[in-house]
Structures are given as C-alpha cells and as structure tokens.
Amino acid sequence: CHLVPGAMAYSARSNISDLVLLEKITEDEILKALKQRFKADQIYTYIGPVLLSVNPFKMINGMYSPSKIKDYQGKYIYEAAPHVYALAEDTYRQLKVDRVDQCVIISGESGSGKTEASKKLMQYIAATSGSSQGIQSVKNKILASNPLLEAFGNAKTVRNNNSSRFGKYMQIYFDLRNDPAGASIINYILEKSRVVCTAKDERNFHIFYQICTGLPMKEKQKYFIQDPKKFKYLTRSGCLKVDHMDDTRELKETLHGMHAIGMHQHEVEEVWSLISAVLWIGQVEFAPVTGDKSKVTNLDVVDKISTLLKVSKQAVTNALTSRHIQAGPGKAVLTYLDVEKAEYTRDALAKVIYSRLFDWIVRRLNVSLDLSHQTGSSKVDKKTASKIGVLDIFGFEIFKINSFEQFCINFVNEKLQQVFIEKTLKSEQDEYKSEGIKWVPVKYFNNKIVCDLIEKKPNGILKYLDDECVLPKGTDKTFYDKLVNVSFFRNHKHFAIPDVKEQGRGKNYKPSFILKHYAGDVKYCVAGFLDKNKDLTWKDLLDLGEESKLRIMDSMFPRGASSGMGSKRPPTIGTAFKKQVGQLMTALGSCQPHYIRCIKSNNQKRAAIFEDDLVLHQIKYLGLLENVRVRRAGFAFRETFTRFLKRYKMLEKSTWPQWEGSDVDGVVKVLKAMKSKHGDYELGKTKVFIKHPVTIFQLEEYRERKIHELVIKIQTVYRSWLARKHLLELRENSLGLFGRSKLRRTCSIRR
Ligand SMILES: Nc1ncnc2c1ncn2[C@@H]1O[C@H](COP(=O)(O)OP(=O)(O)OP(=O)(O)O)[C@@H](O)[C@H]1O
Ligand SMILES: [Mg+2]
C-alpha cells in the first residue's frame with residue numbers, strides 16, 4: 001500500500017469530506033456540507049467508515065473511469081477522496097487480510113442510487129481481482145447478472161425510471177487467492193401485481209417493452225409479439241416510453257447477459273414464449289353466460305396462448321372459466337366462474353407465470369454462478385470460500401396509495417435500519433460501556449418498536465393478517481376492524497387511523513391505517529391485503545402450468561405439486577417474507593458490515609437540483625446527526641491489546657521480537673515510542689481505543705518502514721549466508737577436484 005500518513009487526513013479535513021470533522025454538528029450544517037459538495041460534483045462523503053452518496057442524476061466526468069479505479073487500488077479509506085471505490089477497496093482488503101466475510105449494506109429510498117452503487121462496487125472488485133481465464137468468466141457472469149435481473153425485475157415508477165421491484169442479496173465467493181470463484185443470489189418478493197396493474201405514468205417490467213420493440217420481425221411473428229400499444233397490460237398506465245431509455249439497446253444487454261450465463265437457445269426461446277403468453281393472457285375477454293358462468297369471447301387469443309404455452313386450448317379456457325373447490329379430503333367440486341371471477345383468475349395466471357419465470361431466472365443464474373461450475377484453478381466450496389455480500393433491496397417508499405407490497409418493502413427497510421443501529425450506534429456505545437471508556441451517551445431513535453409492531457407475536461400486524469387469512473369469512477374489512485378495535489394498536493405511538501374524511505365515503509371508502517415509520521408516516525390502504533398475503537394459486541392454474549410442454553416450465557411448475565395442494569396450508573407471503581428477512585439479518589450479522597447510505601437529491605430525477613427539504617428529511621430519518629455525534633465522540637480505531645501488539649510490536653525495541661510483560665503494558669510501550677500522548681488513545685479492559693485516524697496512519701507507516709528495514713536485514717543475512725555457503729561449497733569442490741586429480745595421477749602413474 002502507498003500510505004501518505006497524515007497528509008490525506010488533513011486535506012480531507014479542509015474540505016469536510018468526513019462529516020465527523022464539522023465544526024458545528026447540526027442537521028443544517030450537515031445539509032450545508034452535503035450541498036456544497038454536491039455542487040462541486042463531490043457526491044460522496046464519509047461519516048467515519050460510513051459512505052454517503054448523493055444521487056447526481058448525471059454522469060460526472062471521469063468519476064468511474066479505469067484510471068479512477070487505479071487511484072483507489074491499495075489505498076486506505078482516508079487516503080483519497082471519498083468514493084464508492086474506496087469503500088470497495090476497504091471491503092476487499094479486509095476480506096483478504098482478515099479472511100473474514102464482509103457485507104455491504106446499501107440503503108436509501110427509491111431512486112437514491114442503491115443499484116448504481118452496487119454495480120460500481122462489483123465493477124471495482126472485478127477490475128482489481130485476478131484475470132485468468134476461469135476467473136474472468138466468473139466475473140463476466142457476475143456483471144452480466146445485473147442487466148438480466150434489471151430487465152425482468154426493474155420498472156419505471158414515478159420515483160425512479162429504473163426502480164428495482166425486488167430485493168437482492170448477492171454473495172460473491174472468493175478462492176484462496178482471493179479471486180472471485182462464484183456467487184449466489186437471493187431474491188426477495190417481486191412486486192408481481194405490476195404485471196397486470198400499473199399506476200399512472202409507471203410501466204410494467206422493462207422486459208415487456210424490450211421484446212416488443214427490440215426483437216427482430218421474424219421472431220416477433222414467431223411469438224405473436226405486436227406493438228406495445230396493442231397490449232392491455234402495457235397500456236393501462238398511459239406510459240410506454242422512458243426518457244433516455246432505449247428499449248432496443250437494453251434488449252441487447254439482456255441478451256448478452258443471457259448468453260454470458262450460458263443460457264441455451266431453447267431456454268431463451270421459451271422465455272420469450274412465456275413473456276408473450278403473459279401479454280396475451282391479458283388480452284382474454286369474457287362474456288356472461290346464464291347461471292353465473294362466463295365464456296371467453298376471443299378464442300383466437302386462446303389459440304395463441306395455447307401455442308405459446310404448449311398446452312391444449314381446452315386447458316386454457318377451463319383454467320380461466322372454472323375452478324375446483326376443495327370439498328373435503330381428496331374431494332374437489334368443479335364450479336364455474338362469473339365474468340368478474342374469470343377476470344381475476346386471468347390476472348392471477350399472468351402473475352403466477354411471470355413471478356415463477358423470474359424465480360426461474362434467478363435459479364438459472366445461481367446454477368451458472370455456482371462454485372462447482374467454475375473452471376478456476378483453486379477450487380473452493382461454500383464453506384472454505386470467503387465472501388462479500390452486497391445487499392441492494394427496494395428502498396423505503398411512500399406512494400399516494402400504498403398496499404401490501406409497500407408494507408413489506410418498508411418493513412425490511414425498518415429491519416435494515418435496525419442493523420445499522422445495532423452495529424454502529426448501539427454497539428459502538430455498548431462497547432465503550434463494557435470496556436469502561438468514559439463516554440457521554442448519544443440519544444437516538446431506536447426503531448425496534450416499529451419492527452415489533454409489524455412482526456412481533458402475539459400482537460404484530462402480520463400475525464393479525466395471517467389469522468384473518470385462515471378465517472373462512474375473513475376479508476380486508478374484518479382485518480381492518482380488528483386493527484382498529486384492538487387496544488394494542490389504538491394506543492400504539494406508531495399506529496394511527498386517518499381521519500374519516502381521508503378514508504372516503506360510500507363507494508370511495510378505502511379503509512386504511514397509518515404506520516409511523518422511522519422514515520416517515522405511510523398510509524396503507526388495506527384493500528387487497530388478504531389476497532396478496534394468501535397468494536392464492538389454485539390447483540387449476542398449477543395444473544395448466546404442469547401440462548405445459550415447455551421445458552423450463554418443468555421446474556417452474558413441478559409435476560405433482562398441484563395434487564399435493566390442500567394437504568398442508570403453505571405459509572403466507574407475509575410470514576415467508578418475515579422468515580426470509582430474519583435469515584437475511586442472520587447472514588448480515590455474521591459478516592463485517594460496511595454501509596452505503598444513499599440520498600436522493602431531488603424528486604424530479606434531474607441533474608443539478610438539490611432540494612433542501614427532501615435532503616434534510618433524509619438526513620433526519622437516516623439518523624446522520626446521531627451517527628456523526630457517536631462517531632465524533634468516539635474513536636477512529638479500536639483493537640484488542642493482543643492483536644494490536646502482534647501487529648505493531650516491531651516499532652519498539654523492548655517489545656521486539658519478544659515481549660515478556662502484559663499485553664496492555666506492551667501496547668503502552670509501543671504508543672509511547674510513537675510519541676502518542678494519553679488522550680490520543682484510551683485503554684479499555686481488553687482493547688486500545690485510538691482517537692484520530694492520523695495515529696493509525698503513523699503506526700502503519702512506521703510499520704511499513706520497519707518491515708522494509710527488516711527485509712533488508714534478512715536479505716543481508718541471507719545473502720551473506722548464501723555467500724558463505726557458496727564459499728564452503730567451492731572449497732569442498734576444490735578439495736574434491738584436488739582429490740580426484742590426485743587419484744587420476746596415481747592411476748596414470750600406475751599405468
Ligand atoms: N452515482 C450515480 N451517478 C450518476 N447517476 C446516478 C448515480 N446513482 C444513481 N443515478 C441515477 O439515478 C437513477 C436511480 O438510481 P438507482 O436505480 O440506483 O436507485 P435505487 O436506489 O436503486 O432505487 P430503487 O429503490 O427504486 O430501486 C439511476 O438510474 C441513474 O440514472
Ligand atoms: Mg434499485
């Protein structure tokens with residue numbers, strides 16, 4: 001590494017690249033500092049090791065160039081201007097040096113720049129790790145996974161033109177040489193309701209528009225693809241195009257991703273068939289038939305669906321217009337659907353196909369990225385590999401109408417805030433306490449109370465929702481009435497019921513409740529909560545999927561799954577999500593965390609606009625003020641006496657090479673030798689706490705120098721040993737020569 005001790009830290013101080021160095025710590029001062037930096041195109045700022053990133057909504061010249069990557073290679077975080085590359089370097093270095101698993105938690109509201117940050121991070125690791133053929137192929141696959149997942153899982157929303165409508169935790173595995181050896185992806189609930197219903201000015205998932213505009217004519221004909229304007233699922237929101245987004249070009253990226261992960265031609269073709277089938281399912285229309293039944297009125301559409309799905313026409317019409325209802329164990333009764341129910345079933349079919357296709361793509365990516373499929377030279381398995389996890393999860397969001405999806409999204413964001421609180425604010429302060437370090441506690445809002453309100457039994461909202469889902473007569477309204485009438489909720493500080501006026505009257509009545517999240521108050525409309533939580537996929541739809549002759553449908557709709565239905569109730573979406581979130585928290589808890597906190601500069605998604613109110617609101621709920629306070633009063637570095645001494649004992653004569661005294665005395669000896677005064681550091685019970693980064697830079701620099709000296713010393717000793725050895729060998733050889741020649745002479749005499 002190229003340490004420039006002190007210098008960088010001081011220059012960093014002069015332009016406040018670390019908010020810890022602010023003279024006055026207030027939210028306004030933080031805002032001012034961020035604004036000043038934003039105007040100078042300095043979008044990154046630190047709070048100690050935490051990286052803040054303010055979305056510039058424009059490409060800043062040279063910001064992510066290959067030479068920029070070089071600028072950060074081998075540097076410590078305080079040695080160069082704040083950057084996502086610096087955080088990536090720090091994360092990667094810690095993995096290499098300590099061989100401890102790392103994770104990067106990227107948080108922030110929708111459109112704040114999380115996905116972009118995660119991509120830059122991966123690009124940095126790819127650019128700075130090994131480049132043998134096997135490794136290069138792994139890296140290509142990892143990078144190719146981004147456009148692929150974005151095509152199928154991202155969409156234009158009013159908040160973000162490329163909004164992630166699913167959560168993603170990617171773990172990159174490293175071999176014993178610290179090169180990427182494989183990866184795995186966990187995905188979190190896809191917002192599948194978007195397939196059939198999109199809010200005004202929003203779009204469906206990108207892939208639909210990509211194939212409608214980008215596929216060659218011949219293929220369009222093969223899959224019955226037509227202009228997006230003609231598909232109902234794409235036109236309802238009145239938005240078909242996204243500024244600065246070229247769907248045809250994006251399709252090329254998607255195809256590149258598909259090829260990079262080794263998708264076979266038949267797989268690509270079947271994916272297009274399924275996407276088209278979803279669009280055509282949306283075209284099906286029904287008319288009433290006597291006796292509360294319905295029939296499909298456009299049978300040509302059914303023809304197309306049956307061709308695309310490789311199922312019989314009859315199977316399609318049956319699945320859309322009738323349903324088997326369980327009437328006891330092993331006994332099902334066929335009922336017919338009226339128009340309204342048939343339309344509901346049609347949309348459910350489109351959603352289940354699309355969401356299972358998305359899951360299939362993630363599974364396919366995982367197969368391709370799996371460690372066992374790589375050809376790299378140093379083989380590792382999941383246990384021996386070290387890993388870096390990157391979490392890019394849907395940001396906290398508040399819409400005009402918020403439904404079950406927002407409830408889940410905002411719940412996981414609450415949990416991530418918890419991790420942040422636990423790992424930075426609370427643990428930092430707890431450590432001072434347990435180590436007996438003098439410390440004035442900093443108050444902060446602990447959002448655990450909101451997490452509990454949502455998930456903790458016996459009273460959590462999710463529990464009430466699940467209970468209502470199993471009641472035969474449970475409806476959104478009965479669920480809502482329970483929430484309103486239970487005193488736990490009525491008296492809860494973070495739960496409220498909007499005014500009657502706001503809930504509407506008569507036909508417009510929309511029962512809703514407010515949750516006071518750490519990031520703001522959100523009004524949730526309960527309509528659809530029960531259905532979305534139950535995620536009803538009835539047997540007839542699964543049967544249709546199982547009947548399909550498309551090969552990829554085999555794993556999307558495994559045979560026999562539908563006949564097993566009814567025996568055991570599957571977990572609700574809410575409960576399954578809660579479990580997944582719990583597992584995510586455990587995974588994050590077992591890693592060394594790094595944080596990128598993304599901030600949205602404006603709501604218009606435009607460059608050079610910095611909306612004070614919007615940013616200030618984020619500063620408040622992200623708890624940046626508390627973060628600065630804890631960090632400022634805290635210490636830049638801490639380490640156990642033992643590890644500190646092991647690393648730096650060569651800096652002091654009496655501790656090198658062997659120190660007989662206690663570790664803590666050894667540490668003090670080293671620090672005194674470095675002319676550190678008491679106050680620059682504190683001694684806890686097991687750890688030494690160092691106040692300023694500059695002290696660490698000095699220690700590191702002297703250590704480097706010392707190692708250099710030692711290397712020279714060892715080289716000198718080695719060389720003189722080598723020379724002596726050579727001399728001895730020469731002498732021995734010359735003796736041998738002499739002996740042999742004597743022998744020959746003797747022989748020749750005898751001859
Ligand atoms: N560092 C950056 N430099 C330039 N533009 C950026 C940067 N970060 C984000 N943007 C712009 O902002 C847009 C939104 O960013 P991004 O998709 O990363 O947000 P997000 O936080 O992932 O939102 P969501 O939660 O909706 O998925 C990007 O498409 C890009 O145009
Ligand atoms: Mg995103």
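Tutor: Let's begin with a cut-off: a residue is buried under 20% relative accessible area, exposed over 50%, and partly exposed in between. Keep in mind that this is a predicted model.

Student: Thanks! Why is Asp201 called partly exposed?

Tutor: Its relative accessible area is 35%. Partly exposed is the class between 20% and 50%, so Asp201 counts as partly exposed. Asp201 lies in the loop between strand E7 (180-188) and helix H7 (206-214).

Student: And what makes the phi of Asp201 worth a remark?

Tutor: Phi of Asp201 is near 65°, a positive value, and the residue is not glycine. Most residues other than glycine have a negative phi.

Student: Where does His244 sit, and how do you know whether His244 is buried or exposed?

Tutor: You will find His244 in the loop between helix H9 (232-235) and helix H10 (247-260). Exposed means over 50%, and His244 has 84% relative accessibility, so His244 counts as exposed. The phi of His244 is positive too, near 60°.

Student: Which residues make the nonpolar surface patch, and what makes Ile714 eligible for a patch of this kind?

Tutor: Ile714, Tyr718, Trp721 and Leu722 make the patch, which covers about 440 Å². A patch residue needs over 30% relative accessible area. Ile714 has 56% relative accessibility, so Ile714 passes that cut-off and also counts as exposed. Ile714 belongs to helix H29 (residues 693-750).

Student: Let's turn to the sheet. In what order do the 3 strands of the open sheet run, and why are E17 and E18 called edge strands?

Tutor: The order is E17-E19-E18, with antiparallel pairing. Strand E17 (637-640) and strand E18 (681-683) each pair on one side only, and they are the edge strands. From one strand to the next, the twist averages 15°.

Student: How do you know that E17 and E19 are paired?

Tutor: Pairing requires at least two bridges between the strands. E17 and strand E19 (residues 687-690) have 4 bridges, in the antiparallel sense, so the requirement is met. Among the partners, Arg638 is bridged to Phe689 in E19.

Student: Which helices lie across these strands?

Tutor: Helix H27 (residues 641-648) lies across E17, E18 and E19, at about 100° to E17. Helix H28 (residues 663-673) lies across E18 and E19, and runs at about 165° to E18.

Student: What lies in the loop between H27 and H28, and what kind of peptide bond leads from Trp656 to Pro657?

Tutor: Pro657 is in that loop. The bond from Trp656 to Pro657 is cis, with omega near 0°. The bond from Lys457 to Pro458 is also cis, with omega near 5°, and Pro458 sits in the loop between helix H16 (448-455) and helix H17 (461-470). As background, most peptide bonds are trans.

Student: To finish, what makes up the protein chain as a whole?

Tutor: The protein chain has 29 helices and 19 strands. Its C-alpha trace spans about 125 × 85 × 55 Å along the principal axes. Of its 751 residues, 53% are buried. The chain exposes about 35,500 Å², with carbon and sulfur atoms supplying 54% of that area.

Student: What share of its contacts with a separation of 6 or more comes from residues 24 or more positions apart?

Tutor: Such residues account for 69% of those contacts.

Notes
Residues numbered from 1 in each chain as written. Chains lettered and ligands numbered in written order. Predicted model: local features only at pLDDT ≥ 70, side-chain atom pairs only at ≥ 80, totals over all residues. Heavy atoms only, no water. Helix = DSSP H or I, 4+ residues; strand = E, 2+ residues; numbered from the N terminus. Axes fitted to C-alpha atoms, helices over the stretch in contact; angles between N-to-C directions. Contact = heavy atoms within 4.5 Å. Patch = residues over 30% accessible without salt bridge, like charges linked within 9 Å, V, L, I, M, F, W, Y side chains within 5 Å. Areas by Shrake-Rupley, 256 points an atom, 1.4 Å probe, with all protein chains shown as cover. Salt bridge = Lys/Arg side-chain N within 4 Å of Asp/Glu carboxyl O. Buried < 20%, exposed > 50% of the residue type's maximum accessible area, 1.4 Å probe, protein only.
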